[in-house]
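Let's take a relaxed walk through a protein model. Have a look at the picture first, and then we'll go through some of its parts together.

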Amino acid sequence: MAQAHFTTDDFHSWKPLKTVDELCEKIAKYDSQADLNLIRRAYTFSEKHHEGQFRRSGEPYISHPLSVSGILADLRLDIETIVTGLLHDTVEDTTATLDDIKREFGETIATLVDGVTKINQMKFRNSVEKQGENIRKMIVAMGKDVRVVLVKLADRLHNMRTLHHMPYDKQSRIALETLEIYCPLAGRMGINTLKIELEDLCFRYYRPDVYYILVQQIKKSEAETNRYIEEVRKQIGEALGKTNLKHEVQGRSKHLWSIYKKMTSRDLDYEQVYDVLAFRVIVSSIPECYEALGYIHSIWKPVPGRFKDFIAMPKANNYQSLHTTVMGPGGERIEIQIRTQEMHLIAERGIAAHWKYKEKGNASSNKTEAQAQWLRELVQWHQNVRNPEEFLDTVKTDLFESEIYVFTPNGDVREFPEGATPLDFAYSIHSDLGNSCMGARVNGKMVPLKYRMQNGDTIEIVTSKTQSPSKDWLKFAVTSKAKSKIRQFVKEEQRKRSLILGKELVEKEFRKFGAAAAKHFQGDVFNQFLKDFGLHSMEEMFIRVGYGKLEPRNLVEKLLPNFNQQTEKTETQSFMDKVVKAAQTKIRKSKSLVSVDGMDDVLVHFAKCCSPIPGDSIVGFISRGRGVTLHRSDCKKAFELDQERKVEVQWTSKKAELGQERNVKLKVLSQDITGLLKMMSEAFAVHGINIESAQVRTTKDKKAICVFQISVRDAKQLSEAILGLQKIRGILGVERVMS
């Protein structure tokens, strides 16, 4: 039946559980053999340890784990998973330990609880690093038992449902993290109902300005939309009613986030967005899916290029359906999905629809094993990617569902993210094939490595023995496997060059004092030197010198007997000496906002690609001849740099003076309204921000795109300005631009 499911503050209808009896009743409806005593024991344990704790809403904290378990029960999961939901915060937020959990509820549940527990004991340089390590821990735990992710998703869903109790800045941050990690994760697991609710909740808190405008626009046409849905359902029912097909027809409007993505990707207003209505036809068998498709195409013309057969080629999460877009009544574009009842169950509940457990949480279904294969690949990549920020970037890339389906020369199907290139294809087959890849034949024609593969392409890789990966390949590689292998090769080459350079520099430094370096690289004094500098071998010492992290003079001072500290300095000054001297000269003129490894007298440059400002999470990289270059922690170009050159950096407590303000770019999308530019200028002025330059252009659909270059003191001032802009009527979106 058609449903009017758009409201403002109560978009998703859900009823939180009040008692453990309600939870037990919910479980008993689908599992009459469930050990409900175990559920009650877990509830009592959790309630006791969370006693005296309250949520921001003022409710007792036990309401949260109870609600999480209710969501897991809605997915009809096993008892061990639901018990984990009740206990998931006890180790993290109370005095309970994993040993307590293991003793009371067994090793399996203790392992699951550990998998969903965040890492709080470690110290992190920034929030991005902390987020990366927590996601890494979750991914590793998921690889051992996929139920970990089901608990994490239920936990995140309830937190999103109650996010209105959090401060505004946290709402936005949590919503963005959910949108980048947990929504695509739910999609990968095939749990569509949960993914849709998460996406719309993220939309509500991440872009509230646009969200509520869109809700109001949809409400205006709600009655008309419902009438249209009923008309289409009736016509489909009449067409299939003339056959022997047992069928069910469902109609609905697409969810808010889906509509918003169409609007932004095509630069359209809501009234200009087509195919916002979707219908499902559920039949009994696969042959009947294709038969129903034929009948539907006989009453409405299909839109060319908008048919997808996910039955013949299922998505990575096991999703199967036929998708077609047709010109429905009144010339409206409508999307129709055709599937069996089993396909529908898997589409709605994903891996939870058929997840059964033997001992230790092993899946009993080969289908489920295949579906979780990508988890194991993520676990493998985490072993190769030590940097947490780089790992987080890898996960975000891998979580997005495959959109491109291409063929090998043998006719096998391979799946890739949108925008993937032949380079990704080559590395997906074998690392050596990727390393020697120089081009590809696509459908028989030669194409360059940066060619973006299209659905249905047949790819044949062309190799050369003289070819090798370069850093530039990272600009058009998309998949984690390709990026990881390219970085690994480039890093190894850099290490080799740094080893040779470091050895030359050290030998040259010793020769200045008439000594042979090799004679001093042995014995107790040398071993103590390595220990003092945290080095494990002579090779690592040379590499560190080559990178610029260790001065050859340090070796001479420590290892050369009777070294005279007052020896006249040589004409050739080391790299870091020059850096410090230049930095000290500059520091006398202006106070430094950044300290490097505890020092505040090192020459610092700000990367133009991301333009970090005080308050941003930052990382630093040693650059020969330029001191230390600062990047934002989430800057993609920072992931491409050699991580061996990374150094600890942080903002100092000093406040920026007038001459130290940093330039950033803001892109503002708005309606083309008279006087809006003036209001935007006033919003900047209110927050004490100067506009350095502005570029304004209008689009055919009466929108305006303004790119402002502004001077700001820090991230707080920038955030306040963005919030002020978002409150202006007619502003559709504000984002910080990175080059």
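How many residues lie between strand 18 and strand 19 in their hairpin, and which residue in the turn has a positive phi? Four residues sit between the two strands, and Lys702 in the turn is the one with a positive phi, about 60°. Keep in mind that what you're looking at is a predicted model.

Let's stay with that hairpin for a moment. Strand 18 covers residues 690-698 and strand 19 covers residues 703-712; the two run antiparallel and are joined by eight bridges. If you'd like one pair to find on screen, try Val696, whose bridge partner in strand 19 is Cys706.

**The whole chain**

Now zoom out. The protein chain has 29 helices and 20 strands. It is 739 residues long, and buried residues make up 51% of them. What about contacts along the chain? Take the contacts between residues at least 6 apart in sequence: 67% of these join residues at least 24 apart.

**Strand 5 and its neighbours**

Strand 5 spans residues 333-340, and it's mostly covered, with seven of its eight residues buried. Strand 5 pairs with strand 2 (residues 277-283) through seven bridges, and these two run parallel. Here Ile282 has Arg339 of strand 5 as its bridge partner.

Strand 5 also pairs with strand 4 (residues 322-327), this time through six bridges and in an antiparallel way. Look for Thr325, which stands opposite Glu335 in strand 5. Strand 4 and strand 5 form a hairpin with five residues between the strands, and Gly330 takes a positive phi there, near 75°.

**Helices that meet**

Next, some helices. Two packed helices are described by the angle between their axes and the distance between the axes. For helix 22 (residues 480-512) and helix 24 (residues 538-547), the axes come within 6 Å and cross at roughly 90°. That makes helix 22 roughly perpendicular to helix 24. By class, their contact has eight nonpolar, four polar and four charged residues. On the helix 22 side, the residues that take part include Leu499, Leu501, Leu505 and Val506, and among those they meet in helix 24 are Phe542, Ile543 and Val545.

Helix 14 (residues 256-266) is worth a visit too. Its buried residues are Leu256, Trp257, Ser258, Ile259, Tyr260, Lys262 and Met263. What do the buried residues of helix 14 pack against? They pack against helix 10 (168-188), helix 11 (192-206) and helix 12 (208-220). Right after helix 14 comes Asp267, which has a positive phi near 55°.

**Salt bridges**

A search of the whole structure finds 18 salt bridges. Here are some of them:

| Side chains | N to O distance |
|---|---|
| Arg233 and Glu230 | 3.2 Å |
| Arg441 and Glu460 | 3.9 Å |
| Asp616 and Arg736 | 2.8 Å |

Start with Arg233 and Glu230. Both lie in helix 13 (residues 222-241), three residues apart, which is about one turn of the helix. Here's a handy bit of background: an α-helix has 3.6 residues a turn, so residues three or four places apart point the same way. Is Arg233 buried or exposed? Arg233 counts as buried because its relative accessibility is 18%, and the cut-off for buried is under 20%. Glu230, at 31%, counts as partly exposed.

Then there's Arg441 with Glu460. Arg441 lies in strand 8 (residues 437-442) and Glu460 in strand 10 (residues 459-463), so the pair ties together parts that are 19 residues apart in sequence. Arg441 is partly exposed, with a relative accessible area of 34%, and Glu460 is partly exposed as well, at 38%.

Where do Asp616 and Arg736 lie? Asp616 is in the loop between strand 12 (604-606) and strand 13 (618-623), while Arg736 is in strand 20 (residues 731-737). The two are 120 residues apart, and the pair links distant parts of the chain. Both Asp616 and Arg736 are buried.

Elsewhere, Asp78, Glu80 and Arg147 are joined into one network by salt bridges that share partners.

Key:
Residues are numbered from 1 along each chain as its sequence is written. This is a predicted model: local features need pLDDT of at least 70, side-chain atom pairs count only at pLDDT 80 or more; totals for chains, interfaces and linings use all residues. Side-chain values use heavy atoms; hydrogens and water are left out. Two strands pair if DSSP finds at least two bridges between them. Axes are lines fitted to C-alpha atoms, for helices over the stretch in contact, and angles run from 0 to 180 degrees between N-to-C directions. Angles under 35 degrees count as roughly parallel, over 145 as roughly antiparallel, 65 to 115 as roughly perpendicular and the rest as oblique. Contact means heavy atoms within 4.5 Å. Ala, Val, Leu, Ile, Met, Phe, Trp, Tyr, Cys and Pro count as nonpolar, Asp, Glu, Lys and Arg as charged, and the others, Gly among them, as polar. A salt bridge is a side-chain nitrogen of Lys or Arg within 4 Å of a carboxyl oxygen of Asp or Glu. Buried means under 20% relative accessible area, exposed over 50%, partly exposed in between (1.4 Å probe, protein chains only).
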